Amino acid sequence: MIVVPIDKLDLWMPKYKSWYYFVMDTYQDRFEELLKVVDGIAFHRMDERLIEYLEKNAEASQNATVHKTHLQISQD
């Protein structure tokens, strides 16, 4: 995690192009993540979202069985 005071951010953005691109790419990634969440909530049914969640979770753990409670899934 990087914590940068806002006054340094203002100085570094025009001075260091690599920093500028890093910050912009990070903002873009977060914004795209937010759009996916809104799209999922607004336009996909709960069962579709649950299946997608379980498939991603199984793939990440390389196990076809997902060991999570209903509460853990809802919090995710």
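Lys and Arg count as positive and Asp and Glu as negative, while His and the chain ends are not counted. The place of a charge is taken as NZ of Lys, CZ of Arg, CG of Asp or CD of Glu.

**Figure 1. Charges in the chain.** This is a predicted model, in which local features need pLDDT of at least 70, side-chain atom pairs count only at pLDDT 80 or more, and totals for chains, interfaces and linings use all residues. Residues are numbered from 1 along each chain as its sequence is written, and side-chain values use heavy atoms, with hydrogens and water left out. The chain has 9 positive and 13 negative charges. The mean positions of these two sets are 6 Å apart.

**Figure 2. The whole chain holds four helices and zero strands.** Helices (H or I, at least four residues) and strands (E, at least two) are DSSP runs, numbered from the N terminus. From that end on, the elements run α-α-α-α. The radius of gyration is 18 Å, well over the 11 Å that the globule rule gives for 76 residues, so the chain is more spread out than a compact globule. This radius is taken over C-alpha atoms, and the rule is 2.2 Å times the number of residues to the power 0.38. Along its principal axes, the C-alpha trace spans about 50 × 25 × 20 Å.

**Figure 3. The surface of the chain.** About 7,100 Å² is exposed by the chain. Carbon and sulfur atoms supply 60% of that area. Accessible areas come from the Shrake-Rupley method with a 1.4 Å probe; for residues, only the protein chains shown count as cover. Buried residues make up 11% of the 76 residues. Buried means under 20% relative accessible area, exposed over 50%, and partly exposed in between (1.4 Å probe, protein chains only).

**Figure 4. W12, W19 and F22 form one aromatic cluster.** A pair of aromatic rings is described by the distance of the centres and the angle of the planes. Rings of Phe, Tyr and Trp (its six-membered ring) pair if their centres lie within 6.5 Å; planes under 30 degrees apart count as stacked, over 60 as edge-to-face and the rest as tilted. By this rule, the count comes to three aromatic pairs. One of them joins W12 and W19: it is edge-to-face, with 5.6 Å centre to centre and 90° between the planes. The rings of W19 and F22 also have their centres 5.6 Å apart, but their planes are at 35°, so this pair is tilted. W19 and F22 both lie in helix 2 (residues 17-43), three residues apart, about one turn of the helix. W19 counts as buried, at 16% relative accessibility. W12 is partly exposed at 31%, and F22 is partly exposed at 41%.

**Figure 5. K17 lies over the face of Y20.** K17 is 5.5 Å from the ring centre. A charge sits over a ring if NZ of Lys or CZ of Arg is within 6 Å of the ring centre and within 35 degrees of the ring normal.

**Figure 6. Two loop residues, R45 and Q62.** R45 lies in the loop between helix 2 and helix 3 (46-61). R45 is exposed, with a relative accessible area of 54%. The C-alpha atoms of R45 and K8 are separated by 44 Å. Along the chain, R45 and K8 are 37 residues apart. Q62 is found in the loop between helix 3 and helix 4 (70-75). Q62 is exposed too, at 75%. Its phi is positive, about 55°, although Q62 is not a glycine.

**Figure 7. Two helix residues, L9 and Q72.** L9 has its place in helix 1 (residues 6-15). L9 is buried, with a relative accessible area of 17%. From L9 to E59 is 38 Å, C-alpha to C-alpha, and 50 residues in sequence. Q72 lies in helix 4. Q72 is partly exposed, with a relative accessible area of 37%. Q72 and T26 are 27 Å apart in space, C-alpha to C-alpha, and 46 residues apart in sequence.
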